[in-house]
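Got your viewer open? Load the model and get ready to click through it stop by stop.

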Amino acid sequence: MYPMNLVEFCSANMQKGSDEVYRQLDADGDVDVLDYECTNNCGICSKATFAIVNGQLVGAQSAPDLLIKIYKQIEKQQSIEDQYDFLI
């Protein structure tokens, strides 16, 4: 079993379209979502939708693409964890 995934959103960016991604992830029982007034990522915030997935910044040009990239990032991180599980 994997630890809970944390996806963080910037409220200002949610007003630009990532709010739908937030709602979809909030309905996913394997993902915790948080929103902050600002995540201090203004450069990407002004140009694209983005979220922070387990500490890793993920951006996309549209909300649907952002959702896909978030799930890919989660899978990538879980795959890396799987590679190291055998060492424990």
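What follows is a walk from the whole chain down to single residues.

**Whole chain, cartoon view**

Keep in mind that this is a predicted model. Start with a cartoon and colour by secondary structure: the protein chain has three helices and four strands. Trace the chain along the sequence and you should read β-α-β-α-β-β-α. The radius of gyration is 13 Å, close to the 12 Å that the globule rule gives for 88 residues, so the protein chain is as compact as a globular protein of that length. If you draw a box along the principal axes, the C-alpha atoms fill roughly 40 × 25 × 20 Å.

Next, turn on contacts. Taking those between residues at least 6 apart in sequence, 59% join residues at least 24 apart.

**Surface and charges**

Switch to a surface. About 5,600 Å² of the protein chain is accessible, and carbon and sulfur atoms account for 53% of that. Of the 88 residues, 36% count as buried.

Now colour by charge. You'll find 6 positive and 14 negative side chains, with the centres of the two sets 13 Å apart.

**The aromatic pair**

Which residues make up the one aromatic pair of the structure? Select Phe 9 and Tyr 22 and show their rings: the pair is edge-to-face, with 5.4 Å from centre to centre and 75° between the planes. Phe 9 sits in strand β1 (residues 5–10) and Tyr 22 in helix α1 (residues 11–26), so the pair links parts of the chain that are 13 residues apart. Peel the surface away to see them, as Phe 9 and Tyr 22 are both buried.

**Along helix α1: Ser 18 and Leu 25**

Stay on helix α1 and select Ser 18. Is Ser 18 buried or exposed? Ser 18 counts as buried, at 0% relative accessibility. Leave out the neighbours within four places in sequence, and Ser 18 is in contact with Phe 9, Asn 13, Thr 49, Phe 50 and Leu 66. For a sense of scale, draw a distance from Ser 18 to Lys 76: their C-alpha atoms are separated by 21 Å, with the two positions 58 residues apart along the chain counted as their spacing.

Move along the helix to Leu 25, which also belongs to α1. Leu 25 is buried, with a relative accessible area of 0%. What does Leu 25 contact, leaving aside neighbours within four places in sequence? Show Val 7, Phe 9, Val 31, Val 33, Leu 67, Ile 70 and Tyr 71 as sticks, and you have the set. Phe 9, from the aromatic pair, turns up here as well as in the Ser 18 list. A distance from Leu 25 to Met 4 gives 12 Å, C-alpha to C-alpha, for two residues 21 apart in sequence.

**Over to strand β1: Leu 6**

Select Leu 6 in strand β1. Leu 6 counts as partly exposed, at 29% relative accessibility. Not counting residues up to four places away in sequence, Leu 6 touches Asp 32, Leu 34, Ile 52, Val 53 and Asn 54. If you want a longer line across the model, try Leu 6 to Lys 47: 41 residues apart in sequence and 23 Å apart in space, C-alpha to C-alpha.

**Two asparagines with positive phi**

A quick reminder before the backbone stop: most residues other than glycine have a negative phi.

Asn 54, already met as a contact of Leu 6, has a positive phi of about 50° although it is not a glycine. Look for Asn 54 in the loop between β3 (49–53) and β4 (56–60). At 34% relative accessibility, Asn 54 counts as partly exposed.

Where is Asn 40? Jump to the loop between β2 (31–36) and α2 (42–45). Asn 40 is not a glycine either, yet has a positive phi of about 60°. Put the surface back on and Asn 40 shows as exposed, with a relative accessible area of 67%.

**Last stop: helix α3**

Finish on helix α3 (residues 63–85) and pick Glu 75. Is Glu 75 buried or exposed? Glu 75 counts as exposed, at 54% relative accessibility. Draw one last distance, from Glu 75 to Gln 61: 14 residues apart along the chain, with 20 Å separating the C-alpha atoms.

Methods:
Residues are numbered from 1 along each chain as its sequence is written. This is a predicted model: local features need pLDDT of at least 70, side-chain atom pairs count only at pLDDT 80 or more; totals for chains, interfaces and linings use all residues. Side-chain values use heavy atoms; hydrogens and water are left out. Helices (H or I, at least four residues) and strands (E, at least two) are DSSP runs, numbered from the N terminus. The radius of gyration is taken over C-alpha atoms; the globule rule is 2.2 Å times the number of residues to the power 0.38. Buried means under 20% relative accessible area, exposed over 50%, partly exposed in between (1.4 Å probe, protein chains only). Contact means heavy atoms within 4.5 Å. Accessible areas come from the Shrake-Rupley method with a 1.4 Å probe; for residues, only the protein chains shown count as cover. Lys and Arg count as positive and Asp and Glu as negative; His and the chain ends are not counted. The place of a charge is taken as NZ of Lys, CZ of Arg, CG of Asp or CD of Glu. Rings of Phe, Tyr and Trp (its six-membered ring) pair if their centres lie within 6.5 Å; planes under 30 degrees apart count as stacked, over 60 as edge-to-face and the rest as tilted.
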